[in-house]
Amino acid sequence: MKSLLFLSLGLLAATHVAAQVQDNSCRFVLIHVGRQGYQMGTNYFAGGGVIIGCDSTRVRMSSDSLASYGGGVGIVQFIGNVKYEDTTITMTAANGTYFKAGERWEARGNVVTRNLENGSTLSGPSLDYYRALPGTRDTIEMYAIGRPRINYIPTDSTGAAEEPYLINADRVRLKGNDRVWAAGKVTIDRSDFAATADSMRLDTGAGDDATLIGTPSVRGLGSDSFNLTGRRIDLKLENRTLSYVKSLGNAHAISSDLDLVADTIGLDVNDRKLVQTLAWGDSIRPYAHSADFAIRADSLAFDTPGQRLKESRAFGTAWVGGTVDSNSVEKDCSRDYRVCDWLRGDTVVAQFVARDSAGKTRSVLQRVDAAQTARALYRTEKKGGGPKGMNYSRADRIIVTMKQSGPEGVDRVELQGKVDGVQLDPQAPATPSDSTAPKPATGRGGP
């Protein structure tokens, strides 16, 4: 019976066994059949539980029944409780088909696949699998549609499993143990970040990076959370851990200290904490703001060690403004100069300190240093109170120190180099006894 089935499967492309070994294609052999099958020409049908394998390999396929089509067709269909196994994966499905052309295995219906080398799993309604085959392909390839769910487990240099990526998409392609492509409502979830995109490429091997395109977003889930969007986002991984995120085109980043927009934004992440933010571009000039300050420039850099904004550096027609009226409805001082002291120059360096207010810690301006064609506009106070004056100054360098206690505002201004400017002080309102007070109008109906 074994020899009859062996011949009747009709899957040998050549007459000689030597030719089969040379082209590395699967040469089917019967391992078990529950009920005697029957043959119609070059086609063969069997049931009652069937197990077959590829000769001289560890490939095994089983199902409740099978249908083999020879005559040059080279197809075997497996029906009911299908199982597939080779040296790389195990797979279960409702139905399966093996195509000799291309050595392709198709699984359909409740497909569950497990990678034996790293433990990754894939589940979904459909999967096409191409096993590694010397002379044909150097590594496995898999294609899945119908929104498969992937628990993708990378490994380190020793082969030890690391934290998995949970990937969902309308369709995916996997190549080897370290490359994944996904498209159609892609989501990626890990303990350190969550991402969405229209399509995605992930390389946990030599590249150790990923790319998201089509309305992508990345949300950091560490102790210092952030959210980054744009037209394209590149992720750099170090030892499969997120270390750098860059958004290109309409980039927008929101963190605990800043709301930032620019053409391009790069975020440095260390130990799941955001430590530095860079922004640059021309079609969208970088602009960052919080409730207390705003910054514009051709390029920006923000240092956030210890999860708190410490310093910003602005280059190219740089402008930094700080809110001086905490009761103002308009908090964005770049849009309402009446609540803002500002400083500008070719280069502006701002330093921040943490201040507690109403039970919340926030970063406030401490010192601002502008160099090259520096300009400053700030409010001045009179002793004893009263309306504030206004000072506009120009210098080669201007250093502004902010108040660190009491009402927010400018404490000291230092001007260096070539200096000029103007001081405007409000005039006290006239009193009725003042000779300068306006006289009552007289006229035909007056007193």
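# Questions and answers on a predicted model

Tutor: Let's start with one pair of residues: Tyr69 has Ile75 as its bridge partner in β5. Please keep in mind that this is a predicted model.

Student: How do you know that β4 and β5 count as paired strands?

Tutor: Strand β4 (residues 65-69) shares 5 bridges with β5, in the antiparallel sense. Two strands pair if there are at least two bridges between them, so β4 and β5 qualify. In their hairpin, 5 residues lie between the strands, and Gly71 there takes a positive phi near 60°.

Student: Which bridges make β3 and β5 a pair?

Tutor: Strand β3 (residues 60-63) and strand β5 (residues 75-85) are joined antiparallel over 3 bridges. With at least two needed, this is a pair, so the name fits. Met61 has Tyr84 as its bridge partner in β5.

Student: What joins β5 to β6?

Tutor: There are 9 bridges between β5 and strand β6 (residues 89-99), and the two run antiparallel. Phe78 stands opposite Gly96 in β6, and a hairpin of 3 residues connects β5 with β6.

Student: Which residues have the most contacts inside the largest nonpolar core?

Tutor: Those are Met61 and Trp105, in a core of 90 residues. Strand β27 (residues 360-380) gives the most to this core, with 6 residues. Apart from it lies another core, of 6 residues, including Trp319 and Trp342.

Student: What does Trp105 touch?

Tutor: Leaving aside neighbours within four places in sequence, Trp105 is in contact with a list of residues, among them Met61, Phe78, Tyr84 and Gly96. You have already met Met61 and Tyr84 as bridge partners, and Phe78 opposite Gly96.

Student: Why do people talk about cores at all?

Tutor: In soluble globular proteins, nonpolar side chains tend to be buried together.

Student: Why is Thr113 called buried?

Tutor: The relative accessible area of Thr113 is 3%. Buried means under 20%, so Thr113 earns the word. Thr113 sits in strand β7 (residues 104-115). Not counting residues up to four places away in sequence, Thr113 touches several others, including Ile89, Leu122 and Met142.

Student: What makes Asn110, in β7, exposed or buried?

Tutor: Asn110 has 67% relative accessibility. Exposed means over 50%, so Asn110 is exposed. Asn110 also has a positive phi, near 50°, in a residue other than glycine.

Student: How do you know whether Ala262 is buried or exposed?

Tutor: Its relative accessibility is 0%. That is under the 20% limit, so Ala262 is buried. Ala262 belongs to strand β20 (residues 259-270), and among the residues Ala262 touches, not counting those up to four places away in sequence, are Trp280 and Pro286. From Ala262 to Asp282 there are 20 residues in sequence and 8.2 Å in space, C-alpha to C-alpha.

Student: Why is the contact of Arg27 and Asp55 called a salt bridge?

Tutor: Their side chains meet with N and O 3.0 Å apart. The rule asks for a nitrogen of Lys or Arg within 4 Å of a carboxyl oxygen of Asp or Glu, so this pair passes. Arg27 lies in the loop between α2 (17-23) and β1 (28-40), and Asp55 in the loop between β2 (43-54) and β3, so the salt bridge ties together parts that are 28 residues apart in sequence.

Student: And what are the exposure words for Arg27 and Asp55?

Tutor: Arg27 has 14% relative accessible area and is buried, while Asp55 has 33% and is partly exposed. The first value is under 20% and the second lies between 20% and 50%, so the words follow from the cut-offs.

Student: What makes Glu141 and Arg173 a salt bridge?

Tutor: Their closest N and O atoms are 3.6 Å apart. This is within 4 Å, so the pair counts. The pair links strand β9 (residues 141-145), which holds Glu141, to strand β12 (residues 171-175), which holds Arg173; the two residues are 32 apart.

Student: How many salt bridges does the whole structure have?

Tutor: A search finds 18. One network of salt bridges links Arg104, Glu106, Arg108 and Asp128.

Notes. Residues numbered from 1 in each chain as written. Predicted model: local features only at pLDDT ≥ 70, side-chain atom pairs only at ≥ 80, totals over all residues. Heavy atoms only, no water. Helix = DSSP H or I, 4+ residues; strand = E, 2+ residues; numbered from the N terminus. Core = buried A, V, L, I, M, F, W, Y, C linked by side-chain atoms within 4.5 Å. Buried < 20%, exposed > 50% of the residue type's maximum accessible area, 1.4 Å probe, protein only. Contact = heavy atoms within 4.5 Å.
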